[in-house]
Every structure is written in C-alpha cells, then in structure tokens.
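User: Hello! I am new to reading protein structures, and I would like a close look at one part of this one. Could you walk me through it slowly?

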Amino acid sequence: MTRAAPYPLLSVRNLSKHYPLRSWWGGTASVFKAVHDVSFDIRPNETLGLVGESGSGKSTIGRAVTMLNPPTSGTVAFQGTDLARLSAREMRGMRRHIQMVFQDPYSALNPRMNAGAYVMEPLLLHDTGRSRAELRDEVAGLFERVGLDPRFARRYPHQFSGGQRQRICIARAIALKPRFIVADEPIAALDVSIQAQVVNLLQDLQDELGLSYLFISHDLRMVRYLCHRVAVLWRGRIVEMADSETLYGDPRHPYTRRLLAAVPVPDPVVERQRVSAIGLTAPPSSETGHDLTEVAPGHWVAQSAAG
Ligand SMILES: Nc1ncnc2c1ncn2[C@@H]1O[C@H](COP(=O)(O)OP(=O)(O)OP(=O)(O)O)[C@@H](O)[C@H]1O
Ligand SMILES: [Mg+2]
C-alpha cells in the first residue's frame, strides 16, 4: 500500500442530500433526507472506505462527490476547487480527474459498442487532435494494463465474463489518468474467486498512477485489506471514522461494533440482507449523534457514543 500524503485531494464539508418525496397524486409532499451533514477528506494516494447498511446513503455520497447527482447543500472541493462553482464547460474538464466504477459492469457497458470503442470514447472526447492509430495503441496499452488481451477490443460486452467486464470499465475509468475514482461496490457482483483479482488490480493502479479512491463496499474484510481509512455510515450520517487499524481494532460506536461483530458472509445478496438487519437493531441514541468528537488523533466518533 502506498503511503498517503498529508493534505487532501478531495474535501467534503457538511454534505447533505435530500430527495423530494412525491405524494401519490404527484405533488411534492416532503423531502427524504438521505445524507445529512457528512464531512471527510481524501488525501492523494489514499483509499477511504465507506461502509454501512443498505440504504444508508453510500451511493448517494458517491454520486454527490462526483457531481453526477449534486448535493442539496455542503461543498465538495477537488484540489481546492469548489465543484459546484464550476461552469458546465469547466466541469467537463474536471471530469477527466474524477471517475466512477460501478457495481454492475454489464449495465455500465454499452451493448452496441465493442470494448475497444468503449475504452476509447473518453480519449476521443478529451484528447482531441490525436490520430486514430495513436488512440488505438493507447487503448491496447490500457487493455494490457488491466490484464486483458488487446485482441479482445473487438468483442462486445456479452462476450466477456463478469470480471473481464469490470476490467473494461476500469480501463475506461483510468484512460484519462484521473486522480480520483469512486468505486461503488465494484466487486459485489463478481464471483468470489475474481473479487481479490479486481481489488489487487485497483491497488496496483493506485501505486502506479497515484490514485485516490472512495471505496464503497459491504465487504468489511475487503475494506480492511484495501482501505487506509474507513468511514461508517448509518442512516445518512457518519457515526465513526478512523484509520483502518484503529477502526477494526478499537471500534467505539455501538453501530460499528455491531457491524464488525457479525461474521461476514461471502455472498453479496445474503451479506446485504445481513448488514441491513444489523442496522435495524442499532441504538436509537445514535440518531442524533452526527456531531463527531475526536477521541484519539484521527479517530472520530458520533458524540452520543464518544467518551
Ligand atoms: N433518486 C432517488 N430518489 C429518492 N430517493 C432516493 C434516490 N436515490 C436514493 N434514494 C434513497 O436514499 C437512501 C440512500 O440510498 P443509497 O442508494 O445512497 O443507499 P446505499 O447505502 O448505496 O444502499 P445499497 O447498499 O443498497 O447500495 C435510500 O433510502 C434510497 O431509497
Ligand atoms: Mg449503493
């Protein structure tokens, strides 16, 4: 694992996301507060894990920090630039530094586009002025980089395995040499035997390209293995955040303890239900605990459980 630099690449402050709740006749009845007052930093070369039960707001945060679905309030600063203040054109330029990898590579891929064209697409959009031959060489290099035979570039999505499809998505995500990737459950849909390979690929790419990740996952063992720091989300709030060693070795918040105490199940569907069930038994006192207290250097715990 690369050592993380001491200053933030991404700085998220007081991020909230509300979704309108429509009444059955179509009017907006009220809002649903999916994420409430979330703050964290991600440093260069760092992987921050985001864990929590299904529906706790992990994907909402992932889409908010990439501005795919901007926050209702709060700021997201990338290398000191407030993303909400960028014009559409400036944001397009910023996109090359910020990429996303999703859980289901099959639905991310375009069924009518061969794998080579899919990986080349961002290069065509951003690196204009280069010849087709140059771009084809670059795509071949990207295929090799993610462990795929460049001759597979002419194949279509249905002609790949799940793991290979995720490699194609990763090749596209790294095509523009981004600084930051949000990986939203990138291994949850994959066969257990393939999961470690994809995680190792992400780790190698981090070392090579100096990448930072927000790694969203239900798999607590994988999060411990891959992430430098971990934030635990419960009902849209961060209840605990610390470096991985501290979080797994000295969990302070009752919800974190419950999450870690349960034995993980290597089946994503069963695991999702299990983590959900744990969430239902979390103590109600934590609901107000969104003010975090630093109980030890870098170890933040929601106030209701701190001390
Ligand atoms: N577009 C939307 N409109 C309304 N509500 C939404 C929308 N997207 C998400 N939500 C709600 O916000 C909450 C958080 O959803 P989110 O997808 O962020 O959870 P998650 O932690 O990623 O869950 P999972 O582990 O199942 O992927 C959920 O209650 C969800 O129903
Ligand atoms: Mg999700």
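**A close look at strand 3**

Analyst: Let us start with a pairing: strand 3 and strand 8 run in the parallel sense and are joined over 4 bridges. Please keep in mind that this is a predicted model, so every value here is computed from that model.

To find one of those bridges, look at Leu50, whose bridge partner in strand 8 is Ile216. Strand 3 also pairs with strand 9 (residues 229-234), again in the parallel sense and over 4 bridges. Leu50 is a handy landmark for this pairing too, as Leu50 stands opposite Ala231 in strand 9.

Now, is strand 3 enclosed or open? Strand 3 covers residues 47-51, and 5 of these 5 residues are buried, so strand 3 is largely enclosed by the rest of the structure. Here is an idea that helps with the next step: in a regular strand, the side chains alternate between the two faces of the sheet. You can follow the two sides of strand 3 by name. Thr47, Gly49 and Val51 lie on one side, Leu48 and Leu50 lie on the other, and all of them are buried, which leaves both faces covered.

Next, let us move over to strand 8, which spans residues 212-216 and includes Ser212. Is Ser212 buried or exposed? Ser212 has a relative accessible area of 0%, and because the cut-off for buried is under 20%, Ser212 counts as buried. Which residues does Ser212 touch, leaving aside those up to four places away in sequence? They are Leu9, Ile42, Arg43, Pro44, Asn45, Glu46, Arg179, Phe180, Ile181 and Gln206. For Asn45 there is a further detail: its backbone nitrogen lies 3.0 Å from a polar atom of the Ser212 side chain.

From here we can turn to ligand 1. There are 15 residues around ligand 1, and those that come nearest are Ser54, Gly55, Lys58, Ser59 and Thr60. Ser54 has an N or O atom in its side chain that is 2.5 Å from an oxygen atom of ligand 1. Ser59 also offers a side-chain N or O atom, at 2.8 Å from an oxygen atom of ligand 1. With Gly57 the backbone takes part, as one of its N or O atoms lies 3.0 Å from an oxygen atom of the ligand. On its own, ligand 1 has 640 Å² of accessible area, and the protein covers 65% of that.

Which elements supply the shell around ligand 1? Strand 2 (28-42) and helix 1 (58-65) each supply at least two residues, and helix 1 gives the most, with 4 residues. Sorted by character, the shell holds 3 nonpolar, 7 polar and 5 charged residues.

Finally, let us step back to the whole chain. The protein chain contains 11 helices and 12 strands, and 49% of its 307 residues count as buried. If you take the contacts with a separation of 6 or more, 67% of them are between residues 24 or more positions apart. The accessible surface comes to about 14,300 Å², and carbon and sulfur atoms account for 52% of it.

Methods. Residues are numbered from 1 along each chain as its sequence is written. Chains are lettered from A and ligands numbered from 1 in the order in which they are written. This is a predicted model: local features need pLDDT of at least 70, side-chain atom pairs count only at pLDDT 80 or more; totals for chains, interfaces and linings use all residues. Side-chain values use heavy atoms; hydrogens and water are left out. Buried means under 20% relative accessible area, exposed over 50%, partly exposed in between (1.4 Å probe, protein chains only). A polar contact is a pair of N or O atoms within 3.5 Å; within protein, one must be able to donate a hydrogen and the other to accept it, and residues adjacent in sequence count only if both atoms are side-chain atoms. Contact means heavy atoms within 4.5 Å. A residue is near a molecule or strand if one of its heavy atoms lies within 4 Å of it. Accessible areas come from the Shrake-Rupley method with a 1.4 Å probe; for residues, only the protein chains shown count as cover. Ala, Val, Leu, Ile, Met, Phe, Trp, Tyr, Cys and Pro count as nonpolar, Asp, Glu, Lys and Arg as charged, and the others, Gly among them, as polar. Two strands pair if DSSP finds at least two bridges between them.
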